[in-house]
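Subject: A structure to look at, with notes on its aromatic rings

Dear colleague,

I am handing over the structure below, and I would ask you to keep it open while you read the notes that follow it. They deal with pairs of aromatic rings.

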Amino acid sequence: AYTLRASVPGTQTRPPDFANMSPAERSAYLQSQQAEQNALPKAFATVNVVNADVEGVVLTLGVSMSLAGRLRVESNALPADAFGFMRVQMKGGSVPSDPVSGGGPQPRPITADGTFRVDNLWPGEYRVSLARLPPGFYLKEARFPDADVLNGPLRLNGPDSQPLDLLISPNVGAIDGVAVDAAGQPMAGAQVVLIPGRSRERTELFRPVTADLNGRFTISSIAPGEYVLATWEAMEPNAYFDPNSIRQAEVGGKAVRVPESSTQTVNVSVIPIAAR
């Protein structure tokens with residue numbers, strides 16, 4: 001996978017004499033240069049190169065923009081002062097978050113009435129998520145303006161007056177159980193992972209935990225939906241994102257449906273070595 005980037009060149013000027021500039025002057029100069037770069041039209045596109053030429057890629061140049069939105073709470077179950085800790089995240093997709101692209105999206109704090117703004121966005125596709133959610137809450141809906149952008153990309157083609165609407169809910173689910181080995185005995189320290197059945201681009205839905213000395217585990221604050229629960233004797237960090245691990249889980253794990261406000265007990269057996 002590669003990201004293509006196009007930009008309009010900036011004004012060519014003679015480099016300043018930094019040796020004769022004060023720290024404040026150097027800082028002001030660098031900030032003005034960064035602001036000029038951010039104002040230049042840019043475009044991004046993601047391409048996957050497999051075993052053939054890639055043709056027909058379109059790069060649509062645009063300038064930096066902001067996106068406004070509103071965060072709502074189902075049943076008004078959250079104090080307004082908790083809004084300030086959360087941050088709206090918009091990740092490419094087709095727009096990388098790095099200094100070359102101007103620093104990436106810049107979310108502003110969510111105000112007490114739930115309004116927010118994300119600056120420094122360029123035309124492209126983004127994935128919407130919510131960071132620093134209070135325990136016991138999940139992001140239930142994200143719509144822009146009427147399209148579901150929680151389970152699909154948010155596409156920005158230019159400045160848009162339509163707001164991004166987010167809804168969080170306290171109606172999470174929970175799963176507890178015991179991880180057992182091939183002989184049915186509790187397996188201490190087993191790696192247990194809850195893997196979403198769909199929307200696997202939403203990495204926040206993957207929930208890894210480690211079983212205790214008695215093989216017991218608990219996964220709380222689960223967004224309702226369809227999942228696969230699987231366990232391994234050991235696993236490298238983040239290896240559960242690997243397509244091979246997901247296929248192992250689909251074969252050797254357990255399908256689990258998590259309704260709203262539910263608590264259930266699900267025991268799971270270790271995936272045998274032969275299945276790996």
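Counting ring pairs whose centres lie within 6.5 Å, one arrives at 4 aromatic pairs; please bear in mind that the model is predicted.

One of these pairs joins Phe18 and Tyr29, whose ring centres are 5.7 Å apart and whose planes stand at 80 degrees, so the pair is edge-to-face, given that an angle over 60 degrees counts as such. Phe18 sits in the loop between strand E1 (2–7) and helix H1 (23–39), while Tyr29 belongs to helix H1, so the pair ties together parts that are 11 residues apart in sequence. Phe18 is partly exposed, at a relative accessible area of 34%, and Tyr29 is likewise partly exposed, at 22%.

Another pair, made by Phe206 and Tyr240, is stacked, with 6.2 Å from centre to centre and 25 degrees between the planes. Here Phe206 is found in the loop between strand E12 (191–196) and strand E13 (207–210), and Tyr240 in the loop between strand E15 (225–232) and helix H2 (243–252), so this contact ties together parts that are 34 residues apart in sequence. Are these two residues, Phe206 and Tyr240, buried or exposed? Phe206 counts as buried because its relative accessibility is 6%, which is under 20%, and Tyr240 is buried too, with a relative accessible area of 11%.

Finally, ring pairs link Phe206 and Tyr240 with Phe241 into a cluster, which you may like to find in the structure.

With best wishes

Note on methods: Residues numbered from 1 in each chain as written. Predicted model: local features only at pLDDT ≥ 70, side-chain atom pairs only at ≥ 80, totals over all residues. Heavy atoms only, no water. Phe/Tyr/Trp six-rings, centres within 6.5 Å; stacked < 30°, edge-to-face > 60°. Helix = DSSP H or I, 4+ residues; strand = E, 2+ residues; numbered from the N terminus. Buried < 20%, exposed > 50% of the residue type's maximum accessible area, 1.4 Å probe, protein only.
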